[in-house]
Amino acid sequence: MVEMAVRANGLNKWFGEGDAKTHAVKDASIEARFGEMIYVVGPSGSGKTTMLSMISGILRPNSGTVEIEGTKIWTLTEDELAEFRLHKIGFVFQDYHLFPKLTTAENVAIPLILQSQDWNHAIAEAEHDLDVVGLKGRAGLPPVKLSGGEQQRVAIARAIVSRPDILILDEPTASLDGDTGRTIISFVRKNILNDKRCIIVVTHDSRIFEYADRILKMEDGRVTAAEKGNFHEE
Amino acid sequence: MPGILKIAYKLLVNDRAKFTALLIGITFAVFLMIAMTSLFAGVLKRGSATVINIGASVWVMDPAVQSVANSIPLPDYVLDEVRSLSGVKYAVPLYSGAALLKLRDGTYQAASIVGIDDTTLFGRPQLITGNLQDIFAENAFIAIKDSEFGKLGNPTVGTTFELNDHRGVVVGIAKVASSALFGIPTLYTTYTRAQQYIPNTRFTTSYILVEPKNPAYIPQIERQVQASGYLALTKDQFIDRVSKFYMYQTGIGINLLIMTITSFIIGLSISGQTFYSFVIENLEKFGALKAIGAKGRVLVLIILFQASLVAATGYGAGIGLYSLTLWLARLYLPDYAAMITWVNLLLAFVMVVIIAVVSSYFGVRKVLKIEPFEIFRG
């Protein structure tokens, strides 16, 4: 039996009070297993980013629970939660958020450095993961010297360098052209996803739907449909 | 260095434009602050030069005396009265005045004249050349080799001059701990000769120098002198009194204080604004770090380390630059009255720490407030 990586039940999130109250996520539940790549899709304002934030432990829900590998993350203290994210979850942000004044390797090494690992070891690991994402020889360059696709790969290397079990990708192809976007997702699917890792992707780019195992559709804060993706191993 | 501090260092130093602007801001502020305060320290020290150089434990004077130069002559009986006080080991008179000298080349030069007790020569300077006994010779004076020495025409033993139609002869060259404030050279002679050569008022004793039998007697001596209508101060108390005079009653202190505060505000504005914009520029990245798992205190550590690094570097550069300037200034202006003291350094350091704390405070507040969720929303 495949172990459950993420189980979110009855998530609710609203912002503001009174007349200004906006219900961003309404009674949403999702489950994700190891070895699975699932997409959360929907139009802008449908609540997918809010839900992803609650699942990844950076936005506290008003109600509902999130379990990651059996740990109810919203019962943890702020520090425990930060530590949990640092070790268990990898993030790839839409705008990458790489430090332009650090080298590519230093950017990738940040999660290990935050884990207080030795500098040289962290840089060596970062260089290894840059090789994995196809950026051999770019470790010493600043991110601004790289193309958009290459910066996305750096962000992926940073997300996987601490060997997290859960990988969160927020609109990973939004800043890329169609071909590069597909190449990146295909790469993630083939090289980053494994039996001990679960990848959750928030996107509204239908061109990459073919790489999903499952697709959860959101509309007006609710999960309205769950479809099986059409990815087939070649 | 822990990895996170290395990251903080690289983020700061690799942003060369901002790092340079920050350094210039702090260096400039430290330079001005140390310049103002060291100038003030120099003025204060020179204002008390006679007190420092004579070195007596207790000084008796008229209560109206505010600075060494403006002494009020004491009646002769005061000396006898002080000598009779219990706890006094000995007491000697001191003459402190000014005179116009006619040098060998015919030019005139104002000079401070210090007349020390004929019997004990208490408060005499340390001779470099000449024989101390020669001070009892006819017309004898000892020239002080300080920053004003050249104004006497660089005299040697045997050099003559005129003082109030009297012949004067330099019988020795001596050194003292501190040069005087007013930019004029100093000559030492005996108390009696000073009285004879310089036109005087009815009373001639400027100060009475007292050596107590034991330091424990000083408060008692002070009380007894006060009871007779005069003032007795220890060396440190007199220096403090002179300092307060220059600080509060001459305008020097308040002007230098204004300049110091102005330089502090300029430094604070430049570095505060630059550092804040540095943090703001990296704010989203800090948010991303928070999302990845950086705790709030790690981000605070990054900012405080950066602020401290800039402050320490700017502080060192400012002090170094001012030391260099002071050295250069003294090559051309030997009597430039500025001195760097531990108090100056500490004061500038405290101000730099305040600049660093205030600059980083707003950055820290901003970073702690940022929600990683905002990073996801883009």
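**Exercise 1. Find how far apart the centres of domain 1 and domain 2 of chain B lie, then describe their contact.**

Solution. In this predicted model, the centres of domain 1 and domain 2 of chain B are 48 Å apart, taken over C-alpha atoms. Next, place the domains in the chain. Domain 1 of chain B covers 3-46 + 251-377, and domain 2 covers 75-229. Now look at the contact, with C-beta atoms within 7 Å as the cut-off. Domain 1 of chain B brings 6 residues, and domain 2 of chain B brings 7. Last, sort the domain 1 side by class: 3 nonpolar, no polar and 3 charged residues.

**Exercise 2. Work out the strand order of the open sheet in chain A, and explain why strand 6 and strand 10 each have one side without a neighbour.**

Solution. Start with the order. In chain A, 6 strands run 6-7-8-3-9-10 in an open sheet with mixed pairing. Then take the edges. Strand 6 (89-92) and strand 10 (222-228) of chain A each have a single partner strand, so one side of each lacks a neighbour in the sheet. On average, neighbouring strands here are turned by 20 degrees against each other, direction ignored. Finally, inspect one pair. Strand 9 (residues 214-219) of chain A joins strand 10 of chain A through 6 bridges, in the antiparallel sense. There, A:Lys228 in strand 10 faces A:Arg214.

**Exercise 3. Describe the contact between chain B and chain A, and the elements on the chain B side.**

Solution. Count first. Chain A gives 26 residues and chain B gives 24. Then assign elements. On the chain B side, helix 1 (3-13), helix 9 (283-292) and helix 12 (372-377) give two or more residues. Now classify. The chain B side has 13 nonpolar, 4 polar and 7 charged residues.

How values were computed
Residues are numbered from 1 along each chain as its sequence is written. Chains are lettered from A and ligands numbered from 1 in the order in which they are written. This is a predicted model: local features need pLDDT of at least 70, side-chain atom pairs count only at pLDDT 80 or more; totals for chains, interfaces and linings use all residues. Domain bounds come from an automatic or database domain assignment. Two residues are in contact if their C-beta atoms, placed from the backbone, lie within 7 Å. Ala, Val, Leu, Ile, Met, Phe, Trp, Tyr, Cys and Pro count as nonpolar, Asp, Glu, Lys and Arg as charged, and the others, Gly among them, as polar. Two strands pair if DSSP finds at least two bridges between them. Helices (H or I, at least four residues) and strands (E, at least two) are DSSP runs, numbered from the N terminus. Axes are lines fitted to C-alpha atoms, for helices over the stretch in contact, and angles run from 0 to 180 degrees between N-to-C directions.
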